[in-house]
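Me: I would like a close look at a single part of this protein, set in the context of the chain around it. Please take the model shown here as the basis.

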Amino acid sequence: MPRKKLADLRKDYSKKQLDITEVVVNPIEQFKVWFAEAQKSKVPEPNAMTLATATPDGIPSARIVLLKDLNENGFIFYTNYKSHKGKELAKNPNAALVFCWLGLERQVRIEGTIKKVSRNNSKTYFQSRPKKSQMGAWVSSQSKVIKDRSVLEENMADLEKKYKNDDVLPCPPQWGGYQLEPKVVEFWQGRRSRLHDRIQYKLLKSGKWKIQRLAP
């Protein structure tokens, strides 16, 4: 695509506004408010989020994962512990999440530290998934180089025979959940002329949240 055409791609946001007097005191509760609006507005895959991780020396990587739970302590997702992101998190627990809901002209950024959820919680969620999804977690050695797709298809066929009479599979030892405990949360609302609204929550040592407006 010609550079000029890319540079000309722009949209003036005007759907909503965000004032510091309108947000609730806890960012997770504020996130719930926005997430409910995203669901009500039928935003595609509202729980899709970019997860950014980094090596100990600061080389970043990012990918889309799905938010699967949310509680007062943070944001939970599940994956293979031996995947690229799992290996990075094992050495550097600092990570970031980004939700982008274009239909509402909104974005939420979250920075914090990640830890594994309990093995029992991972097992409970794993066995609540569709059987094919459970098998997929066993079949795929996530992030490893494979010869071609036939490797996955053959492994799946073998597993289907092995568990043909079972509704649930055991949870793989290399698979489970992570929870990001936020330290900084920013709510971004698109506004006209690029004068966007940005409200940031920052966790203080006291455990309370400092709320402030940022320049766009």
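Which element gives the most to the lining of the largest pocket, and with how many residues?

Reply: The model is a predicted one, and the element in question is helix H5, which gives four residues to the lining of the largest pocket, the most of any element. H5 covers residues 131-139. Strand E2 (60-66) and strand E4 (74-80) also give two or more residues each to this lining.

The pocket itself holds about 360 Å³ of space. Its lining comprises 16 residues, and those nearest the centre are Tyr78, Thr79, Arg129, Gln142 and Trp175. Sorted by class, the lining consists of six nonpolar, six polar and four charged residues.

H5 also has a buried side to its description. Gln134, Met135, Ala137 and Val139 are the residues of this helix that are buried. Their packing partners are two helices, H4 (119-126) and H6 (150-162), together with strand E7 (175-189). Helix H5 thus appears both in the pocket lining and in packing against these three elements.

For the wider setting, the protein chain contains six helices and nine strands. Its C-alpha trace spans about 60 × 50 × 40 Å along the principal axes. Of the 216 residues in the chain, 38% are buried. Among contacts with a separation of 6 or more, 65% join residues that are 24 or more positions apart.

Three individual residues add local detail elsewhere in the chain. The first to consider is Thr53, in strand E1 (residues 48-54). Thr53 counts as buried because its relative accessibility is 3%, below the 20% limit for that class. Its side chain forms a polar contact of 2.4 Å with the side chain of Glu88. Beyond residues up to four places away in sequence, Thr53 touches Ile59, Pro60, Ser61, Arg63, Lys85, Glu88, Leu89 and Ala95.

Next is Arg198, which belongs to strand E8 (residues 197-203). The side chain of Arg198 is joined to that of Glu186 by a polar contact of 2.7 Å, and a polar atom of the Arg198 side chain lies 2.9 Å from the backbone oxygen of Ala215. Arg198 and Phe187 are eleven residues apart along the chain, with 5.7 Å between their C-alpha atoms. Outside its neighbours within four places in sequence, Arg198 is in contact with Glu186, Phe187, Trp188, Gln212, Arg213, Leu214, Ala215 and Pro216.

Val24, by contrast in setting, is placed in the loop between helix H1 (3-7) and helix H2 (27-40). A relative accessible area of 34% makes Val24 partly exposed. Residues up to four places away in sequence aside, Val24 touches Glu29, Gln30, Tyr201 and Ile211. The C-alpha atoms of Val24 and Asn92 are separated by 31 Å, and these residues are 68 apart along the chain.

The cysteines can be described briefly. The structure holds zero disulfides. Cys100 is partly exposed because its relative accessibility is 43%, whereas Cys171 is buried, with a relative accessible area of 15%.

Terms used
Residues are numbered from 1 along each chain as its sequence is written. This is a predicted model: local features need pLDDT of at least 70, side-chain atom pairs count only at pLDDT 80 or more; totals for chains, interfaces and linings use all residues. Side-chain values use heavy atoms; hydrogens and water are left out. On a 1 Å grid over the protein atoms alone, a cavity is a set of points where a 1.4 Å probe fits but cannot get out, and a pocket is an open set with protein on both sides within 12 Å along at least five of seven lines; lining residues have an atom within 4 Å of a point. Grid points are joined across faces, edges and corners, and a volume is the space filled by probe spheres set on the points. Ala, Val, Leu, Ile, Met, Phe, Trp, Tyr, Cys and Pro count as nonpolar, Asp, Glu, Lys and Arg as charged, and the others, Gly among them, as polar. Contact means heavy atoms within 4.5 Å. A polar contact is a pair of N or O atoms within 3.5 Å; within protein, one must be able to donate a hydrogen and the other to accept it, and residues adjacent in sequence count only if both atoms are side-chain atoms. A disulfide is a pair of cysteine sulfur atoms within 2.5 Å. Buried means under 20% relative accessible area, exposed over 50%, partly exposed in between (1.4 Å probe, protein chains only).
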